[in-house]
Structure formats: C-alpha cells, structure tokens
Amino acid sequence: MLTIAETTEGALVRIAEIAAIVPAHVRPRVRCVLCEHALVPKLGTKLRHHFAHLPGSSCPAAGGEGEVHLAAKLHMTLLLRELIAARLHLPAPSACGLCGEPYTQALLTFESTDQVQIERSVGSRRPDLIVRRGDRVIAAIEIVVSNPCTDERWADLLSTNAVVVEVRGEDVLALPDTQTWLDDPIEYSRVSLLQQDPACPSCLAALDEEHRRPRAEAITRCALDVRFPDGRRTQDTFEVWREWDGTRWVRAFIQSALRGRLWELEGTCDDIEELRVRGREVFRSYRAELVRGAAAYSCDTFAEDALPGTILAELASSWWWQPARTRWVQVYSFQEAAARLQIRRTTFGRWVKERRVRAIYVRRDRDAQEDTRCFDAEDIDERTRRLENWRRTAPTLTSQQFFALRVRNTMDAIRAGEAVWDEERSG
Ligand SMILES: [Zn+2]
Ligand SMILES: [Zn+2]
C-alpha cells in the first residue's frame, strides 16, 4: 500500500500529514512518484490509510509487487532523510564479537548535506536508492520484493565502492512511521561492509576500564646464552619493562633473571623506540661483563621462553664444544685452515677428501639449520709450524739447494704418505 506521495512541488508527504489537513477540499493535490498521475487519499476505517491510483491505472505501482517496491523505496527515503538531518548513522543489526549480545553497528555516519536520490524508473540497473555526498555515492540501497539480487547485480552494486545494503521491501514497510530506524534497526538481507570484530558499547567500556588499570608490559626481551672454555654455561634473560599507572606510562626498568633489576627510569615512557635504544645500551655493557672470558655466546631477541639456538656472535670462533670428548676444542673453519696453510682452497679441499687433515664435525647448536664442518687445530697448527720452518730456510737457499730440498721434502712426504710442499709450490 502506498502511504507516501509527491506534492506538485515535488515534496514527499505521508498519508498521515494529508489526513491531518481538514477540511478535505484544502488538502494539496498529490501524485504518484512513478507515473506522476494523481493519487487519491483513502482514509476509511477498514483499511490502513493509504493513497490509491485512479481505477484503470497502468502504473507498475498500482498494485502487486510494484506497489510494495515503490512504497518501501519511499518509506526508506524518508527514514534516510531523518537520519541525515540528525547527522546520525546508517545502522546495521549485528552481534557483539565479545559478548555475543545483539547490538547495532554504524555502517557510516551521515553529514547534513548528504542527499538521498530515488531511482524512479522500474527495472533499471541503478540501485533503488543512493546517498550522495557531493559527487560521491556513499551508500547504495537495493530493495527487493520477491527475489534477492543476482550475484551479478550485487557485484555491480559493490563496484560503486559505496556501502551497499539489500533489504526486503516488507521489512522496510513493517517499521511504523512513528518509530525511528535507530530504535529498531531493519534487518538487511545482505550488506557489503560489516566490521569483522565489532564490540558493543558495554564491552568497549569494559575494555576501556581494563586499559585504565595499572599494569606493566615488556617492550623487548633478549635471551643470552654464554659458554666458557671449561664447559660452564650461563643463561640469562634480559627484559625492558614499562609501567602504566592507569593514565600514562610512568616508569621503565630492566630486569635480568640472574641479577634482578638493573636499571630504572622514572618519568614519561611513551616512546617505545627510545626505551629500546636505552635498553640496548644497558644490555651491551651488561653483556660485556657477562661474556668476559667466554668461548662463545649467543643472544636472541625473539626468544620467548626457551633459550636461543642460533649463535649470532662468537667471541672466539675457533672454540667448539665437542660432545664426544666433552671438552672445548680449538678448530679452524675451511677458509681459515686454507689461509693459515697458505694453500688454495681447492687444494685444501682435496686434502680433506684424501683425509690428510683431520676434519671434525661440530654441531652448531640444537636449533641450527645444519652442522658445521671444522678442522682440528692441532693438526693444522702442526702443518703451519712445518710451513713456517721451511719458509725460514727457503729464502737463503740457492736454486740448486732449493731443488735438492724440494726433492728431499718430496721424498719425505712420499715416505710419510703425503706430498705436501711439492704440491704447494706447483699448485
Ligand atoms: Zn503510479
Ligand atoms: Zn558485547
């Protein structure tokens, strides 16, 4: 039933406003928004007051679905105008993401200059109602009577980048004229933009209250794992904290699991980055003290509870813990060993393959990606000593002596199962 019509000036009027004007002959003439033909107010006692087309009208809104559709469109237009005039928001019934209670989300907040436009034709591809802010469409409302929008139509509406809602005509008409939309939000059958984790006002207030309670939070955390040549191990965690007194951050301090509170700062502690920088300074000097004499240490700023796995810094890279012999051993890496012997890395690689140098396998740490291969320092050191010896005598030799030494060395090497210096010279 049509309960809203248009005056000759183009304003929308409700049937109740017309009925209130007496006597009847001073009531303004009204017309149908769609066909623009005159409508007659029906103010009887049997049916709800409404406007009717004249008998024989061919207007699509003169009965059936067309009438429901137009009636709902006009009703919603007036509801939207009220929201806009009061600068309220477009409501969407929803449930609180925290307590589950029903509550109304605000899809968008209107400005008093926003404009509602009604699509007056039937079967258009344009939305039934749009709300404009300047040249921008901020909301598109589709009113459906029997069938919901097709997915294609819905995609079309979404492409406007506006808030898009689909609502059933009967749900719009079920809202009495006397009641505002906000008191009893209309259920939408589809809506484009709902907040994912909404919270109702009472839950928001509770969160706010929670936020005001005094508390402390850890800004940064670091775990330190120190190993000493005698096998001792020291583990500590180091955390920068700050305290909230209910209104602001008032105090920061650094906590070491081993030593307790190391540092404290009174005053405004809003700037987390600044606290981190100051924390790092304190940490560095504390670390320097803790790792004195260590063979290796690691610090892991991401460790949550377990101590770290990855060795980030090594005080003496040549010390490794050898579980089989339960002691620390000094070792050289592939590169270090080749450099120390002053031979090419390819040559050294061949020695390794031929087992001329003792390679030891060191498990880097329990969480490390792969084990590292190192070379026993005793073996490499012995070879280095021989190289140094040979070097000391070699420069004073004549070419004949040099040749003779080379032959002797080669013979010695062959006897010992390794042709060392010959290879060094020719390589
Ligand atoms: Zn009409
Ligand atoms: Zn809630």
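1. A residue is taken as buried if 20 or more other C-beta atoms lie within 10 Å of its own. By that criterion, 21% of the 427 residues of the chain count as buried in this structure, which is a predicted model and should be read as such throughout.

2. On the overall make-up, the chain holds eleven helices and 21 strands. Among contacts with a separation of 6 or more, 51% are accounted for by residues 24 or more positions apart in the sequence.

3. On confidence, the pLDDT averages 78 over the chain, and 77% of the residues score at least 70. Among the elements of the chain, strand β3 (residues 30-31) has the highest mean pLDDT, at 95, whereas helix α11 (residues 420-426) has the lowest, at 38.

4. Two stretches deserve a separate remark. Over residues 303-317 the pLDDT is below 50, although the model gives this stretch 35 contacts beyond near neighbours in sequence. Residues 418-427 likewise have a pLDDT below 50, with 19 contacts beyond near neighbours in sequence. Where pLDDT is low, the predicted coordinates should not be read in detail.

5. Turning to the sheet, five strands form an open arrangement in the order β2-β1-β3-β4-β5, and their pairing is antiparallel. The edges are taken by β2 (12-14) and β5 (50-53), each of which has a single partner strand, so that one side of each is left without a neighbour in the sheet. Strand β3, which lies between β1 and β4 in this order, is the element with the highest mean pLDDT noted above.

6. At the β5 edge, the partner is strand β4 (residues 38-42), and the two strands pair in the antiparallel sense over four bridges. Within this pairing, K42 stands opposite H50 in β5.

7. Helix α2 (residues 64-85) comprises 22 residues and reaches 32 Å from its first C-alpha to its last, which is close to the 32 Å expected at 1.5 Å a residue. Just after α2, R87 takes a positive phi of about 50 degrees.

8. Finally, S298 has its place in strand β17 (residues 296-300). Is this residue buried, exposed or partly exposed, and what count of C-beta atoms decides the matter? S298 is partly exposed, because 19 other C-beta atoms lie within 10 Å, whereas a buried residue needs 20 or more. S298 also illustrates an approach between positions separated in sequence: S298 and R227 are 71 residues apart along the chain and 8.8 Å apart in space, C-alpha to C-alpha.

Definitions and conventions: Residues numbered from 1 in each chain as written. Chains lettered and ligands numbered in written order. Predicted model: local features only at pLDDT ≥ 70, side-chain atom pairs only at ≥ 80, totals over all residues. Pairing = 2+ DSSP bridges. Buried ≥ 20, exposed ≤ 12 C-beta atoms within 10 Å, placed from the backbone. Expected span 1.5 Å × (residues − 1). pLDDT = per-residue confidence, 0-100. Contact = placed C-beta atoms within 7 Å.
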